[in-house]
Amino acid sequence: MIQISNLSKKYGETVVFSDLNYTFENTCIYGLVGRNGAGKTTLCSLIPRFYDVSSGAIYLDGKDIRKIKLKDLRNQIGIVQQDVYLFCGSIKENIAYGKTKASDEEIIEAAKKARVHKYIMSLPQGYDTMVEEDGGNMSQGQMQLVCIARIMLTHPPMLILDEATSSIDTRTELQIQKAFDEMMKGRTTFIVAHRLSTIKNANQIIVMDQGHIVEIGNHEELLQKQGYYHQLYYSQFETE
């Protein structure tokens, strides 16, 4: 369980949010939505302590995350962002980045769950294929799937998916979404979404505006309220 208590964050004189309170239950899927600058990505960056809070606290199972060793905290969180990182090395080495002693069988099983095994096996050198710096010889979608396989291998109890499919085409997004569905089973998941269609099945959707939580509910409940989420959701069909 993750509890945010009287949470405030500011950069210089700019206040992102203040006195934010909410409790995220284990194994639930949470969608975080709102316009640019609402604070959703900042919130997700505070959980693994990429930044520290300005005031208030974040608790993981009742313990202030600032009292947890940084390595131990981050080992519990798998993160997939819009811009993924692959290093120069084989695909096998990239998948095993978080578990360097993993067996070939474990790596292959993780790749299968991430729906990237067939692609890897289509390459002349399979899992031994070398990745160019920043994945220059792979598409954005293929890089995403390799990163998903990396997380599948380490089995973290929490996931943060931050605009993870916003820069890929719809067909590839559908493939990655299937991998996400497998990955999210039994894990507490935070999804920061630009395309609101990607969080329709979230257990709870947290709607943020100017650093405040303005609505909470599932997709159907929020649409029926015809409030801020309803406005955001249907405005996408007018502009896309």
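Begin by selecting D61, which lies in the loop between β4 and β5. The coordinates belong to a predicted model. D61 has a positive phi of about 50 degrees, although the residue is not a glycine. With a relative accessibility of 56%, D61 counts as exposed, because the threshold for that class is over 50%.

**The hairpin around D61**

Extend the selection to strands β4 (residues 55-60) and β5 (residues 63-64). The two strands run antiparallel and are joined by two bridges. Together β4 and β5 form a hairpin with two residues between them, and D61 is in the turn. To inspect the pairing itself, select Y59 and D64: the bridge partner of Y59 in β5 is D64.

**From β4 to β1**

Next, add strand β1 (residues 2-11). β1 pairs with β4 in the antiparallel sense, over five bridges. Which residue of β4 is the bridge partner of I2? Selecting L60 shows the partner in question. β4 thus has pairings on record with β1 and with β5.

Follow β1 to Y11, which is placed in this strand. Y11 is partly exposed, at a relative accessible area of 35%. Now display the side chains of Y11, F50 and Y51, which form a nonpolar patch on the surface. The accessible area of these three residues together is about 290 Å².

**Helix α7**

Move to helix α7 and select residues 170-184. The helix has 15 residues, which at 1.5 Å a residue should span 21 Å; the C-alpha atoms at its ends are 20 Å apart, in agreement with that expectation.

Colour the buried residues of α7: T172, E173, I176, Q177, A179, F180, M183 and M184. These residues cover an arc of only 165 degrees around the axis, and therefore lie on the same side of α7. Rotate the view to the face turned away from this buried side, where the exposed residues R171 and L174 are carried.

**The loop between α8 and α9**

For the last stop, select Q226, in the loop between α8 (219-225) and α9 (228-239). What is the sign of phi at Q226? The value is positive, near 55 degrees, in a residue other than glycine. Is Q226 buried or exposed? Q226 is exposed, with a relative accessible area of 60%.

To close, display D61 and Q226 in turn: D61 has a positive phi of about 50 degrees, and Q226 has a positive phi near 55 degrees.

How values were computed: Residues are numbered from 1 along each chain as its sequence is written. This is a predicted model: local features need pLDDT of at least 70, side-chain atom pairs count only at pLDDT 80 or more; totals for chains, interfaces and linings use all residues. Side-chain values use heavy atoms; hydrogens and water are left out. Patches are made of residues with over 30% relative accessible area and no salt bridge: like charges are joined within 9 Å, nonpolar side chains (Val, Leu, Ile, Met, Phe, Trp, Tyr) within 5 Å. Accessible areas come from the Shrake-Rupley method with a 1.4 Å probe; for residues, only the protein chains shown count as cover. A salt bridge is a side-chain nitrogen of Lys or Arg within 4 Å of a carboxyl oxygen of Asp or Glu. Helices (H or I, at least four residues) and strands (E, at least two) are DSSP runs, numbered from the N terminus. Buried means under 20% relative accessible area, exposed over 50%, partly exposed in between (1.4 Å probe, protein chains only). Two strands pair if DSSP finds at least two bridges between them. The expected span of a helix is 1.5 Å times one less than its number of residues. The arc is that of the directions from the helix axis to the C-beta atoms.
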